[in-house]
Amino acid sequence: MATVLVTGGCGMIGERVCSGLLKKGNTVIAVDKKESDYNSGKNNYYFRQASPREKGKYGDIFDEFEVEYVVHLACTVDNDFGPVVEKAQADESASCDDFIYKLAIGKQIKKFLLISTTQVYKQPENREPVREDDAVKPVSNYGKIKANAEAAFANDVRNTKTMICGVLRVPMVYTNDFTENLMSRITDPKDKTIFVFRTGEYGFHMCCVHNLSDFIIGFLRQAETTNYSGIYNVADASLIMASEIVTFMKENHRLGPVLQKNGLSSSLKVKLFGDPEQKTNYRFLDLDTLDKNFMFDITKASRICPFRWNIHNTK
């Protein structure tokens with residue numbers, strides 16, 4: 001078993017990643033701005049307080065523990081940032097990018113995983129699955145933050161010959177209880193009404209948090225050479241249909257009336273796109289691509305993880 005440092009380890013995603021690593025017998029050091037109770041008191045679990053700006057504290061943590069692997073979840077939306085990503089969050093992420101990778105190299109960390117986002121990709125022009133080597137052109141603030149983090153990571157680790165490096169590009173996540181991202185797909189951000197077009201026979205490629213956790217565990221266990229280094233799309237095995245979100249919410253949570261719309265009217269488009277702040281919101285419902293069923297090619301990642309979780313069996 002290994003000693004794993006998880007930045008952002010007390011966020012919604014980080015808690016579950018830490019829990020999964022602990023269940024596999026690893027020693028886990030969770031680093032975050034404040035502690036949560038999710039894993040507190042578990043064997044081989046340690047919490048150390050530090051913000052992404054506190055280089056000295058991170059240096060002390062690397063000195064205190066014989067860290068073998070790093071999972072860099074800090075500055076991840078749904079983990080540390082709120083729904084609107086602004087300059088302050090971008091600056092915080094950049095400050096961490098300035099030192100975290102160099103520290104890991106200096107301490108001869110064996111494996112390093114950076115959690116990024118599929119929002120770094122250029123908007124697809126067809127329905128072909130988006131592959132890891134497709135064009136990158138982020139539009140949202142969050143996409144730009146993670147594109148910069150990827151670039152800083154690549155620059156710092158390009159000369160290392162031993163550290164196995166992975167970049168995980170993840171779409172919006174969900175669990176049985178964390179449904180904000182699911183609801184954003186069927187919610188008018190202006191008046192908060194719930195709607196689907198036609199019968200909701202279009203879908204969204206998202207990622208159950210437990211699939212992300214399983215992939216991280218699998219990568220840390222299986223990646224034995226630098227041949228594993230590179231970019232991975234990490235997402236569910238299939239799309240989540242809009243109609244499935246409606247059914248899921250009705251069965252597991254509360255859901256008000258659902259309006260059926262026949263198509264995208266110009267008035268609705270103006271209403272949804274009229275607020276410039278929506279452009280910075282990573283949950284922004286882009287109606288230009290609403291029913292195009294874009295998917296991310298997870299063939300490469302599937303060799304490491306079966307992606308068994310979905311909206312029907314999530315916990």
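# Asking how the terms apply

Guide: Searching the whole structure turns up one cavity of 30 Å³ or more. The model is a predicted one.

Visitor: What makes the largest cavity count in that search?

Guide: Its space is about 40 Å³, and the search takes cavities of 30 Å³ or more. The residues lining this cavity are Gly8, Val31, Asp32, Lys33, Ala50, Ser51, Pro52, Tyr58, Ala74 and Asp80.

Visitor: How do you know which class Tyr58 and Gly8 of that lining belong to?

Guide: Tyr counts as nonpolar and Gly as polar, so Tyr58 goes with the nonpolar residues and Gly8 with the polar ones. The whole lining of the largest cavity has five nonpolar, two polar and three charged residues.

Visitor: Why is the second largest pocket called a pocket and not a cavity?

Guide: A cavity is a space that the probe cannot get out of, whereas a pocket is an open set of points. The second largest pocket is of the open kind, with about 450 Å³ of space. Of its 21 lining residues, Gly20, Ser213, Asp214, Ile217 and Lys315 are the closest to its centre. Helix 1 (12–23) and helix 7 (209–222) are the elements that give two or more residues to this lining, and helix 7 has the largest share, with seven. By class, the lining of this pocket is six nonpolar, seven polar and eight charged residues.

Visitor: Why are helix 3 and helix 5 called roughly parallel?

Guide: Helix 3 (residues 87–97) and helix 5 (residues 141–157) pack at about 10 degrees, and their axes are 10 Å apart. Angles under 35 degrees count as roughly parallel, and therefore these two helices are given that name.

Visitor: What makes Gln89 and Ala90 part of the contact between helix 3 and helix 5?

Guide: Contact means heavy atoms within 4.5 Å. Gln89, Ala90, Ser93 and Asp97 of helix 3 meet Ile145, Asn148, Ala149, Ala152 and Asp156 of helix 5. This contact is made up of four nonpolar, three polar and two charged residues.

Visitor: What term fits the direction of helix 5 against strand 5?

Guide: Helix 5 lies across strand 5 (111–117) and strand 6 (164–170), at about 155 degrees to strand 5. Angles over 145 degrees count as roughly antiparallel, so that term fits helix 5 and strand 5. Helix 7 also runs at about 155 degrees to strand 5, so the term fits here as well.

Visitor: What makes strand 3 and strand 11 edge strands?

Guide: Strand 3 (45–49) and strand 11 (230–233) each pair on one side only. They stand at the two ends of the order 3-2-1-4-5-6-11, in an open sheet of seven strands with parallel pairing. From one strand to the next, the twist averages 20 degrees.

Visitor: How do you know that strand 2 and strand 3 pair?

Guide: Pairing needs at least two bridges. Strand 2 (residues 27–32) and strand 3 have five bridges, in the parallel sense, so they pass. One bridge partner is Tyr46 in strand 3, which is matched with Ile29.

Definitions and conventions:
Residues numbered from 1 in each chain as written. Predicted model: local features only at pLDDT ≥ 70, side-chain atom pairs only at ≥ 80, totals over all residues. Heavy atoms only, no water. Axes fitted to C-alpha atoms, helices over the stretch in contact; angles between N-to-C directions. Helix = DSSP H or I, 4+ residues; strand = E, 2+ residues; numbered from the N terminus. Parallel < 35°, antiparallel > 145°, perpendicular 65-115°, else oblique. 1 Å grid on protein atoms, 1.4 Å probe; cavity = no way out; pocket = protein on both sides within 12 Å on 5 of 7 lines; lining within 4 Å. Points joined across faces, edges and corners; volume = space filled by probe spheres on them.
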